[in-house]
Amino acid sequence: MLSGASGTGKSTFVKNLAKITKRNLVVVKSSEIQDPYIGVSLQKLQSCFDSYAKLCKIDNSLLLIDEADSLLGSRVNVTSASDRLQNELTNLFLQLIEQHNGCVFVITNNATSLDKAFSRRFSFNFSFPPPNKETQRSYWNKSLPELQPIDIDKIVDKYNLTIAQIEQLTTRYLTKTMFQNFKSNNTIGNLLKFCETEFDNKSNQPIGFNK
């Protein structure tokens with residue numbers, strides 16, 4: 001089980017592991033399993049593990065279940081039919097993970113909300129913390145080599161971003177420079193202005209990119 005905030009490298013870790021071990025990686029998002037009809041969700045979940053079991057006999061692939069919070073939620077006291085069916089989905093997921101012999105990775109953004117029974121089903125539980133300031137500086141330098149260290153410090157001191165956010169911001173910034181008349185000798189000024197436009201200064205959380 002891999003837990004941590006969005007953009008901290010959980011999916012990248014599994015993808016790199018598959019590459020290093022030369023295994024195929026099967027990625028399934030919980031949204032692909034969930035259905036308005038819980039019975040259909042149960043069928044899709046069972047089918048997912050059945051198909052993966054067949055693949056394992058051929059090439060020992062890895063299975064990654066992304067955004068799995070909805071499948072790992074704590075079971076609740078049954079007060080309605082929907083509660084009972086949701087518990088059935090959680091119970092089936094627990095059963096399939098316990099019985100399966102392959103290598104399954106499950107990603108969650110909020111480990112504290114999960115059913116406690118899941119922690120006993122996994123051989124390893126890894127927590128991915130947000131990148132520290134030094135890691136952020138290193139990645140800014142990699143993403144925009146033209147930035148000076150003092151300029152990178154200005155960004156890092158003001159915005160506490162994940163690697164995914166830095167990648168997203170850099171990509172969109174470079175894209176905009178292709179279509180707007182930004183002064184090439186004022187990269188940091190333009191980039192800070194862009195950050196101020198695209199991020200909430202109070203929470204340092206993205207609030208959506210302007211069109």
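This is a short talk about two pockets in a predicted model.

Trainee: What makes Gly7 a lining residue of the largest pocket?

Mentor: A lining residue has an atom within 4 Å of a pocket point. Gly7 is among the 17 residues that line this pocket, so Gly7 passes that cut-off. Gly7, Gly9, Lys10, Ser11 and Thr12 are the closest to its centre.

Trainee: How much space lies in the largest pocket?

Mentor: About 430 Å³.

Trainee: Which elements give two or more residues to its lining?

Mentor: Helix H1 (10-20) and helix H8 (163-179). H1 gives the most, with 5 residues.

Trainee: Why is H1 called a helix?

Mentor: A helix needs a DSSP run of at least four residues. H1 spans 10-20, so H1 meets that limit.

Trainee: How is the lining of the largest pocket split by class?

Mentor: It has 5 nonpolar, 7 polar and 5 charged residues. Gly counts as polar, so Gly7 and Gly9 fall in the polar class.

Trainee: What is the volume of the second largest pocket?

Mentor: About 290 Å³. Its lining has 13 residues. Gly102, Cys103, Val104, Phe122 and Ser123 lie nearest its centre.

Trainee: Why do Cys103, Val104 and Phe122 count as nonpolar?

Mentor: Cys, Val and Phe are on the nonpolar list, so these three belong to that class. The whole lining divides into 8 nonpolar, 3 polar and 2 charged residues.

Trainee: Which element gives the most to that lining?

Mentor: Strand E4, with 3 residues. Helix H5 (81-99) and strand E4 (103-108) each supply at least two.

Technical notes
Residues are numbered from 1 along each chain as its sequence is written. This is a predicted model: local features need pLDDT of at least 70, side-chain atom pairs count only at pLDDT 80 or more; totals for chains, interfaces and linings use all residues. Side-chain values use heavy atoms; hydrogens and water are left out. On a 1 Å grid over the protein atoms alone, a cavity is a set of points where a 1.4 Å probe fits but cannot get out, and a pocket is an open set with protein on both sides within 12 Å along at least five of seven lines; lining residues have an atom within 4 Å of a point. Grid points are joined across faces, edges and corners, and a volume is the space filled by probe spheres set on the points.
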